[in-house]
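Reader: I am new to this structure and would like a close look at the backbone turns that stand out, together with the helices and side chains around them. Could you take me through that part slowly, in one connected account?

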Amino acid sequence: MVKNLFLVRHAEAAEAIAGIKDIERDLTAKGYRDAPRVGKYLFELNVSTDAMLSSSAQRARATAELMAEQLKYEQHKIAYVEELYNASVRSMLQIINEAKPHWNKLIVVAHNPSISYLAEYLSGEAIGNMVPAGMVNLSFEIDNWSEVSEGLGKLEKYVTPDTIIF
């Protein structure tokens, strides 16, 4: 069986401002334009996700919600996972390994540098620093998400908002 994992870095966020917690930083106007582009891109490819997990940070939540709207994925089904905020690669992998076996397409919205490191760890490919709203699609020939581990993912695609053409 093939399982597809879509790793998305949150869209462009506002700069840190004194008095505002990092977790509360919102998207910039560019971020609000780019996030739905990624969702629309997936929709145009007929990707229907089984689940969407997002960091609980405001910028990741907004990215996930804007993508979900374009994907026709019900926003109340987005799972906000606190552990995805400031997560290590190991923590992110554990969250993926615990995904429900009947899910075949999973979207995870999180932060750099961990999301980029995870994409490279799982694929064995040099992806570099994912840009804001960048999306990596990895496929796995597995039966259960618990089998996802180093080098097992095949890099299907890495897209950025600027490379998406409709």
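Author: In this predicted model, N86 sits in the loop that runs between strand β3, residues 79-81, and helix α3. The phi of N86 is near 60 degrees, which is a positive value in a residue other than glycine. With a relative accessibility of 65%, N86 counts as exposed, because the cut-off for that word is over 50%.

A133 also has a positive phi, of about 65 degrees, although A133 is not a glycine. The place of A133 is another loop, the one between α4 and β5, and at 1% relative accessibility A133 counts as buried. A glycine can be added to these two residues, for G124, just after α4, takes a positive phi of about 75 degrees. The other end of α4 has its own backbone feature to consider, since P113 is placed in the loop between β4 and α4, and the peptide bond that joins N112 and P113 is cis, with omega at about 5 degrees.

Helix α4 itself, residues 114-123, deserves a longer look. Seven of its ten residues are buried, so α4 is largely enclosed by the rest of the structure. The buried residues are S114, I115, S116, L118, A119, L122 and S123, and what they pack against is a set of both strands and helices: β1 (2-9), α3 (89-97), β4 (105-110), β5 and β6 (154-159).

Of these partners, α3 can be followed in detail. Two packed helices are described by the angle between their axes and the distance between the axes. For α3 and α4 the angle is about 65 degrees and the axes are 9 Å apart, which makes α3 roughly perpendicular to α4. The crossing of these two helices is right-handed. On the α3 side the contact is made by V89, M92, L93 and I96, and on the α4 side by S114, I115, Y117, L118, Y121 and L122. Sorted by character, the residues of this contact are nine nonpolar and one polar, with no charged residue.

A second pair of helices can be read in the manner just used. Helix α1, residues 29-44, and helix α2, residues 58-71, pack at an angle of about 40 degrees, and their axes are 7 Å apart. The two helices are therefore oblique to each other, and α1 passes α2 in a right-handed crossing. From α1 the residues that take part are Y32, A35, P36, V38, G39, K40, L42 and F43, and these meet Q58, A62, T63, L66, M67, Q70 and L71 in α2. The residues of this contact divide into ten nonpolar, four polar and one charged.

One residue of that contact, T63 in helix α2, is worth following further. T63 is buried, with a relative accessible area of 0%. A polar atom of the T63 side chain lies 2.8 Å from the backbone oxygen of R59. If neighbours within four places in sequence are left aside, T63 is in contact with V8, H10, A11, L27, A35 and V109.

Strand β5, which was named among the partners of α4, covers residues 135-141 and contains N137. N137 is buried, at a relative accessible area of 11%. The side chain of N137 makes a polar contact of 3.2 Å with the side chain of N4, and the N137 side chain also reaches the backbone oxygen of L5 at 3.5 Å. Apart from residues up to four places away in sequence, N137 touches N4, L5, F6, K154, L155, E156 and K157.

N4 also appears beside N104, a residue of the loop between α3 and β4. Leaving aside neighbours within four places in sequence, the contacts of N104 are M1, V2, K3, N4, D50 and W145. With 26% relative accessibility, N104 counts as partly exposed. The C-alpha atoms of N104 and F140 are separated by 9.7 Å, while the two residues are 36 residues apart along the chain.

Conventions. Residues numbered from 1 in each chain as written. Predicted model: local features only at pLDDT ≥ 70, side-chain atom pairs only at ≥ 80, totals over all residues. Heavy atoms only, no water. Axes fitted to C-alpha atoms, helices over the stretch in contact; angles between N-to-C directions. Helix = DSSP H or I, 4+ residues; strand = E, 2+ residues; numbered from the N terminus. Parallel < 35°, antiparallel > 145°, perpendicular 65-115°, else oblique. Left-handed = near helix turned anticlockwise from the far one by under 90°. Contact = heavy atoms within 4.5 Å. Nonpolar A, V, L, I, M, F, W, Y, C, P; charged D, E, K, R; others polar. Buried < 20%, exposed > 50% of the residue type's maximum accessible area, 1.4 Å probe, protein only. Polar contact = N/O pair within 3.5 Å; in protein donor to acceptor, adjacent residues only side chain to side chain.
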